[in-house]
Amino acid sequence: MPTDLPMLVGGAGDFARRGGQLRVSLTPRCQLGCWFCHNEGEIPPRITHHDRTIQPRRRALDAADFLSAINAMTSAGIRRVFFTGGEPLLSPLARPILEGLPAHDRSDYTTTLITNGLTLTKDLDWLAATALDRIKVSLHYFSDASIAAIAEGKPGDIARIKAGIEAAIDAIPVVELNLLLQEQNAHEVMDIIAYAREMGTGLQIIELVDTDHNQLSVKVPSGGISAYLRSIATHGEVITSGTGQGRRVFTVPGARGDMTIEVIDASLGRHHVGQCKRCPKQEQCIEGFWALRLDSAGELSPCLLRPDLRMDVTPYAHDPAGLLAAISAHLDAFTEGTL
Ligand SMILES: C[S@@+](CC[C@H](N)C(=O)[O-])C[C@H]1O[C@@H](n2cnc3c(N)ncnc32)[C@H](O)[C@@H]1O
């Protein structure tokens, strides 16, 4: 890992201090086609599956480029790295990148793989030998019928996903589930909460983040679920500090002891900075200034809804210090509203 890199100053330093995250999209491709998927700002798989002429941008980074950028940014203060996609485990780069992660202390930063869980049983052996700290499995459904309604998945998927979750619990330091509230799964939300409690995994319940691609359904607010969780919780708190949306954090009894269920609640507010003041997307923006996104096309984005504010990182493939300086300048301009 590079050690002689400058600390990020200004915007990027602020971002690290506020607890922001780096989301690294390894591929825009996915086996599923969830109706709501924002695909971290890339063309959603559902659209490409239905019209092959609409394709995401081409890959421009290799595994070494990704690792160099990730190591530079963690050295400079980014505290949470998420590997996402598309489905990250579909990428041929997933294994070399995750196997190339340096051993690190979780108090310095954490690394999390977000996955639909479909190939977990196959990939767990090599995943368990990496420096990955956490796996987060999306579980927005609890039956094959709901997968069909939400994700355009193939029959039999839910058994495979649950087998992957259950195997991962024994192989990976931390396993969590992730559930997006929507009309299509309202009848299964209590089953998914009960499953998380039975497995003893943490659970994050999230509300829909609107993008231009997912206006097909009514947004389901989290207030009702929070009321239920409050009734079974031994402790609850509201966290609104830092970047990202506010969240309610409940401690509830699970089969393996106390566990955490976290509810993202847009009504608690979000974090906006200088650029947001005159952003034409602000009305629509649920997420605010929260996650830096690095994608396989070699671009880094300061927010989800403004692809026009992406920055090209490919000139810095062999220049981590130059990369940090360029990101820092880009984020300074974003937080000052001059980008
Ligand atoms: C884009 S997915 C990619 C990773 C992986 N394929 C998966 O299914 O988890 C990453 C995360 O974004 C969440 N997500 C996608 N679109 C969303 C939206 N419109 N609102 C809120 N969360 C969303 C998913 O639920 C998932 O937890």
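**Ligand shell, strand β10 and a helix pair**

Student: Which residues come nearest the ligand?

Tutor: Keep in mind that this is a predicted model. There are 20 residues around the ligand, and that shell divides into eight nonpolar, ten polar and two charged. Strands β3 (110-115) and β5 (174-180) each give it at least two residues. Those that come nearest are H38, E87, N116, S138 and V209.

Student: Is strand β10 (residues 291-295) largely enclosed or not, and why?

Tutor: Check both faces: A291, R293 and D295 sit on one side, L292 and L294 on the other, and all are buried. That makes five of the five residues of β10 buried, so the rest of the structure leaves the strand largely enclosed.

Student: What is the bridge partner of L294 in β11?

Tutor: On the parallel side, β10 pairs with β1 (residues 21-25) over five bridges, with S25 opposite D295. β11 (residues 299-301) instead runs antiparallel to β10, joined by two bridges. These two strands form a hairpin with three residues between them, and G298 in the turn has a positive phi of about 85°. Within β11, the partner of L294 is L300.

Student: How do the contact residues of α3 with α10 divide into nonpolar, polar and charged?

Tutor: Helix α3 (residues 63-75) packs on α10 (residues 320-336) at about 60°, axes 10 Å apart, in a right-handed crossing. S68, A69 and A72 of α3 meet P320, L323 and L324 of α10. The split is five nonpolar, one polar and no charged.

Conventions: Residues are numbered from 1 along each chain as its sequence is written. This is a predicted model: local features need pLDDT of at least 70, side-chain atom pairs count only at pLDDT 80 or more; totals for chains, interfaces and linings use all residues. Axes are lines fitted to C-alpha atoms, for helices over the stretch in contact, and angles run from 0 to 180 degrees between N-to-C directions. Helices (H or I, at least four residues) and strands (E, at least two) are DSSP runs, numbered from the N terminus. A crossing is left-handed if the near helix is turned anticlockwise from the far one by less than a right angle, and right-handed if clockwise. Two residues are in contact if their C-beta atoms, placed from the backbone, lie within 7 Å. Ala, Val, Leu, Ile, Met, Phe, Trp, Tyr, Cys and Pro count as nonpolar, Asp, Glu, Lys and Arg as charged, and the others, Gly among them, as polar. A residue is near a molecule or strand if its C-beta atom, placed from the backbone, lies within 6 Å of it. A residue is buried if 20 or more other C-beta atoms lie within 10 Å of its own, exposed if 12 or fewer, and partly exposed in between; C-beta atoms are placed from the backbone. Two strands pair if DSSP finds at least two bridges between them.
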